[in-house]
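Me: I would like some help reading a structure. May I put a few short questions to you?
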Amino acid sequence: MNDIIFLIINGITVASIYGLIAVAVSITWSALGLLNLSYGFIFSFAGYGAWLAERHIYGEPIFVMFMGIAAGIIGGIMVCLIVFIPVHDKPNFTIRGMIGTLAVSLIGGQILLQNFGPKAKLLPEFFGYGKIKILDVTLTADKIGIICSSILMLTIVVKWMKSSRRGLEIRAMMMNPHAASIVGIGVRKTGIYVMAVTGAMTGLSAALLSQTYYLSPFSGLTPMIKGVSIALMGGLGSVRGAVIAAIILGFNEALTTKFLGGRYVLMTQFALIIIVLIIRPRGIAGILDKAREA
Amino acid sequence: MSDIKTKKRKTWKNPLAVWGAKGGNHEVPTPEWKNPHQIWRDTKAFKVPTTKIGRFHYEYKSSNHGEKIWNRLRWWPTRRTILWTQGVYNRKSLKPEKIRKDKRPIFWFLSLLALAIMPFILPDGYKNSLLTAGGIFGIYASINLCWTLVIGTAGIFSLATYAIVGMSAFLTTWLSINLGLPWWMLPMIGMFVGLAFGVIIALPALRLDGFYYGLLTLGLNELCRVFITTSHAFGAASGGLYGADTFVNDNWEPMTQTIVQYYSGFALLIAALFLFRFVDGKRIGRILKLAPEKKEAFAEASGVNYKRARVTVFLISSIALGFIGGFYAAYYRGSAFDIFSFHTVIMGLAMITIGGIGRADGAVAGTLIIVVLDRVLVELGPYRYIIIGLIMMFTILFLKNGLFGIRKQFRDWRDKKKGEARSSRLERGGEMLPEQATEIDNKDEIYRKRYDKMQREFLKTLICDEIIEEHKQKPLGQHSEALERVCYYFRRGAMNDKYVVKCEVPFKKYKIMALSGVRGRSPRLVEDKIYDTVEAAYHGLFLRRIQDLMEA
């Protein structure tokens with residue numbers, strides 16, 4: 001029993017990190033119509049930003065974490081300026097945008113490789129090494145910190161989107177981009193906000209994941225693919241769906257590891273995603289008939 | 001008419017009045033006489049600037065050989081001619097000429113010929129590396145052609161192409177190692193592997209659309225990668241699985257081995273091109289051209305079962321990809337894990353987007369560019385990926401559909417610029433524009449319009465209060481010269497929209513109508529005003545015509 005709870009907490013920890021990227025992918029798709037596959041690059045970029053800050057500016061873990069978020073914001077805005085703004089009004093925008101973000105991640109990954117080398121880097125532990133025991137289950141500060149900071153970030157973003165003027169603009173873009181542009185919401189300006197916010201989420205997930213695992217020029221690929229899968233299962237464009245999907249996949253990961261073995265995690269995960277998508281082609285919380293027509 | 005003060009008043013006397021002519025005025029004030037030839041002289045006068053007009057045809061036209069025009073070579077056993085030829089007449093000399101409507105077969109033939117004789121013309125220093133890259137090019141171009149079938153023809157945005165090839169390569173290699181299968185069995189078994197994977201991957205394609213499916217297949221690719229790299233059977237530690245039987249004999253000289261590999265890759269490319277031609281260009285491809293994305297409902301209403309056609313194309317290309325996977329295993333004696341990596345997917349997408357998605361020539365040319373950058377210019381190191389990324393960025397930022405869309409894009413741009421230049425020179429009611437004039441065969445029409453414009457310009461100068469007053473007094477009969485010229489022009493006008501007087505009640509009610517100019521179509525009423533006398537109606541009609549003339 002303890003094992004299972006331990007694994008479930010593990011799963012939730014991982015899911016909260018991937019969930020951040022999933023929500024980022026989801027918001028970008030629904031607000032901008034951009035399938036951003038350069039989150040892998042933004043992830044590594046933010047990780048290296050945090051690493052540089054730790055080395056050269058100040059080593060305090062919380063500061064490093066915020067620098068990771070800041071670097072993620074810069075990376076997101078960069079992708080927005082390079083890909084979204086020049087391409088968003090061209091024909092076949094979706095496929096162009098996707099290929100553009102892939103090109104950015106190709107170039108960016110190589111530049112990171114050139115500057116930092118293939119050797120893995122490690123960020124400091126942000127949350128110390130404390131432990132709490134609740135009902136025979138040991139919770140490390142690390143895990144609690146990861147879960148709490150992800151939930152905090154997500155809450156801030158959702159609150160911001162619900163209550164601020166900018167959030168209103170972004171939600172208007174999600175509902176109907178044409179109508180939004182008619183009532184005077186600038187597509188480019190909103191694009192920069194959206195990419196900055198999603199970049200911040202990716203930056204946080206990069207900082208959180210790089211302190212547990214490691215950081216390398218291409219370490220963002222797996223989180224991105226997992227994030228995309230979660231977003232897909234939850235329904236592109238739905239924050240709620242992405243959160244539900246992240247939790248389901250986290251449980252799935254824990255249970256599969258327990259009963260089948262770690263090798264089969266991806267298999268059961270994709271079997272689950274395919275089943276969900278065959279039943280509901282637009283994901284768990286996606287609207288069934290209306291797709292976003294960019 | 002407002003500038004009546006500036007015009008000198010003159011008097012016109014009816015020359016027929018002496019003989020007591022009926023109708024017409026005897027003596028009326030009239031504007032000063034103007035020379036009707038002056039406007040012709042003014043128009044003919046040389047006024048810079050002149051602009052270049054017409055379009056230059058660079059197209060090569062071969063001379064027609066008379067009787068033999070119908071004795072064309074044909075592809076046996078079809079009636080299809082070797083090249084699509086059209087007979088035309090030279091517009092100036094009226095000589096019969098022939099043009100090739102579609103020159104792409106010529107370019108395909110020349111480029112494939114160049115690839116075929118490549119081993120004999122390459123300098124010895126580069127021969128080995130270039131031929132090795134050539135073999136890789138053949139395999140990748142075939143994969144990309146099958147992918148183009150999936151993305152372009154079937155319109156299924158699948159990113160799992162390399163996953164099918166990789167799974168087929170790994171499974172056939174494993175079978176070859178463990179069961180000792182000979183090399184020629186590998187592509188055959190690969191076809192079954194491809195079919196099995198195609199069926200599994202095609203299932204969600206029926207429900208999902210567009211990019212949802214693309215993202216799912218991206219995940220499937222990752223799934224295959226993780227499955228293969230962590231599995232002990234497929235050599236988890238060695239970076240790949242090697243040891244399959246191969247058609248290249250180790251006892252041959254190294255150069256012979258390279259040449260055999262090169263030509264086998266070339267043969268695979270030819271086979272893939274034939275597959276593309278027979279799927280994309282035949283019935284099933286044409287069915288799918290009726291059902292592009294977002295127009296599926298129309299295709300369905302037309303009786304096209306597009307879903308079935310899409311899945312058929314998907315399965316055909318999956319089988320072909322499985323075949324290529326088996327071939328890949330027999331070519332390299334196995335496969336590396338690299339084939340499943342995200343990097344490979346990016347490179348593959350770069351290959352098909354640079355050339356232009358959905359076109360065979362685009363897929364092959366894009367593959368050539370990327371393979372040359374990736375495999376031949378190895379000394380550039382990681383910079384070559386940056387170059388590839390920049391080329392991709394350039395393509396999506398500036399080109400409509402890759403390299404092979406440049407031609408159409410350029411023509412559209414040129415026509416747009418032409419249109420802009422044309423509209424900047426446009427005059428209302430003007431004569432024909434120079435650009436239009438070159439494209440009209442009946443030159444009389446150009447002269448008529450030109451004359452008509454000058455005539456109207458001249459007549460506008462004659463319209464003044466005097467002649468209107470003169471017409472009001474006596475609409476019929478002999479008029480002064482100025483009014484007579486105007487009336488002649490009006491009477492000679494075209495029948496469509498020509499004004500006529502309609503008699504509702506004789507001597508009481510008259511109305512103005514406009515003729516339709518088409519036999520059998522009735523005239524339309526232009527205004528509700530009722531005139532008491534026919535003379536008043538005549539004058540009202542005259543005023544309407546003057547208004548049209550001044551406005552045109």
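The exchange below covers the interface, the cavities and some backbone features.

Reply: Certainly. Please keep in mind that this is a predicted model.

Me: How many residues does each chain bring to the contact?
Reply: Chain A contributes 42 residues to the contact, and chain B contributes 41 residues.

Me: And how much area is buried between chain A and chain B?
Reply: About 4,100 Å² is buried between the two chains, and carbon and sulfur atoms give 79% of that area. On the side of chain A, the residues that lose the most area to chain B are Ile99(A), Leu106(A) and Arg263(A), which together account for 15% of what that side buries.

Me: Why speak of area at all?
Reply: The size of an interface is often expressed as the accessible area that is lost when the parts come together.

Me: How many salt bridges and polar contacts cross the interface?
Reply: The rule finds zero salt bridges between chain A and chain B. It does find five residue pairs in polar contact across this interface, both residues of each pair being at pLDDT 80 or more.

Me: Which helices of chain A supply the side that touches chain B?
Reply: At least two residues each come from α3 (61-87), α4 (93-116), α9 (221-234) and α11 (265-279) of chain A. The most come from α4(A), with 15 residues. By class, this side of chain A has 31 nonpolar, six polar and five charged residues.

Me: Changing topic: how many cavities are there of 30 Å³ or more?
Reply: A search of the whole structure finds three. The largest cavity holds about 60 Å³ of space.

Me: What lines the largest cavity?
Reply: Its lining includes Gly11(A), Tyr18(A), Lys226(A), Glu253(A) and Gln269(A). In chain A, α1 (2-32), α9 and α10 (239-259) each supply at least two residues of this lining. The lining residues divide into six nonpolar, three polar and two charged.

Me: Where is the cis peptide bond?
Reply: It joins Trp76(B) and Pro77(B), with omega at about -5°. Pro77(B) lies in the loop between β3 (62-63) and β4 (85-89) of chain B.

Me: What is the phi of Arg333(B)?
Reply: Arg333(B) is not a glycine, yet its phi is positive, at about 65°. Arg333(B) is found in the loop between α11 (306-332) and β7 (334-336) of chain B.

Me: Why mention such features?
Reply: Most residues other than glycine have a negative phi, and most peptide bonds are trans.

Definitions and conventions
Residues numbered from 1 in each chain as written. Chains lettered and ligands numbered in written order. Predicted model: local features only at pLDDT ≥ 70, side-chain atom pairs only at ≥ 80, totals over all residues. Heavy atoms only, no water. Contact = heavy atoms within 4.5 Å. Buried area = accessible area lost by both parts, 1.4 Å probe. Salt bridge = Lys/Arg side-chain N within 4 Å of Asp/Glu carboxyl O. Polar contact = N/O pair within 3.5 Å; in protein donor to acceptor, adjacent residues only side chain to side chain. Helix = DSSP H or I, 4+ residues; strand = E, 2+ residues; numbered from the N terminus. Nonpolar A, V, L, I, M, F, W, Y, C, P; charged D, E, K, R; others polar. 1 Å grid on protein atoms, 1.4 Å probe; cavity = no way out; pocket = protein on both sides within 12 Å on 5 of 7 lines; lining within 4 Å. Points joined across faces, edges and corners; volume = space filled by probe spheres on them.
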